[in-house]
Amino acid sequence: MRHPRAHDVDMTGNPYHCVVASWQQRGACVPGPRAATARVLIAGDTHGNLDWIGTLCKLAVRHGCEGIIQLGDFGLWPNMRVLRSENRAVINHGWLTAVAERCTTHGVWMRVIDGNHDAHPLARDAFPVDDAGIRSLRDGVLDWADRGAVWTWCGVRFGALGGGVSIDRQSRVEGRSWWPTEVITGEQIDALEDRAGAQGLDILLTHDSPVLPGSLRPLSDPVMAADCARSIRCVIDAVARTRPTVVLHGHYHVGHRAVLDFAHGSVRVDGFASDEESHDPHGRSWGVLELPSLGIVDAWR
Ligand SMILES: [Fe+2]
């Protein structure tokens, strides 16, 4: 499928032309730093919250960041108007264009991974994947590092492994607000390991975590607890097989830090809260990643 162009209309009949003109002026390129050093804003779950994404763009500029890495539950959702009126699930192009416009207005790019609350099948149908596992959502401004993607920025080897388990899935409707593709598969970990190769990774971006944040307890529902434990084991497996020194993740809506011991050495885990905690200046809904040092600056402190 081609990307929308000027004078197209989106799924709701709204014209694309104003925003398309602004973000396409950047030209077709992959988002990411171009120099040997960079600062990148790290953001936890955004849940389709366009206002919060606009604030993240401003925070990125204020703290000298070229762009934003978002850690899943981004908002790759169906167009609800089409879903209700035509009973047809299609990705919400108008919202993605609005995100691209926010980024362009502030001169930043954005790379996202997927979470459990994203419409993976719709987005995979809409946006082709490249050899690195990246799907361009809006050329040069916004893209999605799908599960198994690997790339290098500032000499740092990045990998992506989105996905997780929805603990509220019983209140959701399959194909509309929940997708079984949320679950991390062995094939996706294999693809990540294959792309990482003998060199491995320096940093792994995940939605779920290799460890339950210390402030949380396992769920009392045994089925759900087992599913969540399996998902954490998938992330642990991915860390063991790709050997990063840092893992950044979202999903749990709490900020936390941990250091885990693996056969290849210590791994620093940094978890980020979501837009829902953004009112709390100490909620750690975002931070600043410095490249190539991999240091995290909690700039809100
Ligand atoms: Fe999540």
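This passage walks through a predicted model of a protein chain, from its overall make-up to a few helices and some unusual backbone spots.

The chain has 301 residues, and 44% of them count as buried. Its secondary structure comes to seven helices and 13 strands. Contacts between residues at least 6 apart in sequence mostly reach a long way along the chain: 70% of them join residues at least 24 apart.

Helix α7, residues 222–242, is a good place to start. At 1.5 Å a residue, its 21 residues should span 30 Å, and the end C-alpha atoms are indeed 30 Å apart, so expectation and model agree. The buried residues of α7 are S231, C234, V235, A238, V239 and T242. Looking down the axis of α7, these buried residues fall within an arc of 135 degrees, so they line one face of the helix. The spacing fits a general pattern: an α-helix has 3.6 residues a turn, so residues three or four places apart point the same way. On the face of α7 turned away from the buried side sit the exposed residues P222, V223 and R230. As for what lies over the buried residues of α7, the cover includes one helix, α6 (186–196), along with the strands β7 (156–161), β8 (203–206), β9 (246–249), β10 (256–262) and β11 (265–271). Just past the end of α7, R243 takes a positive phi of about 60 degrees.

Helix α6 tells a similar story. Here Q188, I189, L192, E193 and A196 are buried. They cover an arc of only 140 degrees around the axis, which puts them on the same side of α6. Turned away from that buried side are the exposed residues G186, E187 and D194. The buried residues of α6 are covered by elements including β6 (150–153), β7 and α7. After α6 comes G197, and its phi is positive too, near 65 degrees.

So how do α6 and α7 sit against one another? The two axes come within 10 Å and cross at roughly 15 degrees. That angle makes α6 roughly parallel to α7, as it falls under the 35 degrees used as the limit. The crossing of α6 past α7 is right-handed. On the α6 side, the residues that meet α7 are I189, L192, E193 and A196, and their partners in α7 are C234, D237, A238, R241 and T242. Several names return from the buried sets: I189, L192, E193 and A196 are among the buried residues of α6, while C234, A238 and T242 are among those of α7.

A second helix pair is formed by α2 (residues 50–62) and α4 (residues 93–106), whose axes come within 9 Å and cross at roughly 20 degrees. That makes α2 roughly parallel to α4. This crossing is right-handed. From α2, the contact draws on L50, I53, G54, C57, K58, A60 and V61, and from α4 on A98, V99, R102, C103 and H106.

Helix α4 also contains A100. With 24 C-beta neighbours inside 10 Å, against a cut-off of 20 or more, A100 counts as buried. A100 and D143 are 43 residues apart in sequence, yet their C-alpha atoms are 9.7 Å apart in space.

A few backbone oddities round off the picture. Most residues other than glycine have a negative phi, and most peptide bonds are trans. H47 goes against the first of these habits: it is not a glycine, but its phi is positive, about 50 degrees. H47 lies in the loop between β1 (38–43) and α2, and with 18 other C-beta atoms within 10 Å it is partly exposed. N87 is another such residue, with a positive phi near 55 degrees. Its place is the loop between α3 (80–86) and α4. N87 has 8 C-beta neighbours inside 10 Å, so it counts as exposed. The peptide bond between L291 and P292, for its part, is cis, with omega about 10 degrees. P292 lies in the loop between β12 (286–291) and β13 (295–297).

Terms used. Residues are numbered from 1 along each chain as its sequence is written. This is a predicted model: local features need pLDDT of at least 70, side-chain atom pairs count only at pLDDT 80 or more; totals for chains, interfaces and linings use all residues. Helices (H or I, at least four residues) and strands (E, at least two) are DSSP runs, numbered from the N terminus. The expected span of a helix is 1.5 Å times one less than its number of residues. A residue is buried if 20 or more other C-beta atoms lie within 10 Å of its own, exposed if 12 or fewer, and partly exposed in between; C-beta atoms are placed from the backbone. The arc is that of the directions from the helix axis to the C-beta atoms. Two residues are in contact if their C-beta atoms, placed from the backbone, lie within 7 Å. Axes are lines fitted to C-alpha atoms, for helices over the stretch in contact, and angles run from 0 to 180 degrees between N-to-C directions. Angles under 35 degrees count as roughly parallel, over 145 as roughly antiparallel, 65 to 115 as roughly perpendicular and the rest as oblique. A crossing is left-handed if the near helix is turned anticlockwise from the far one by less than a right angle, and right-handed if clockwise.
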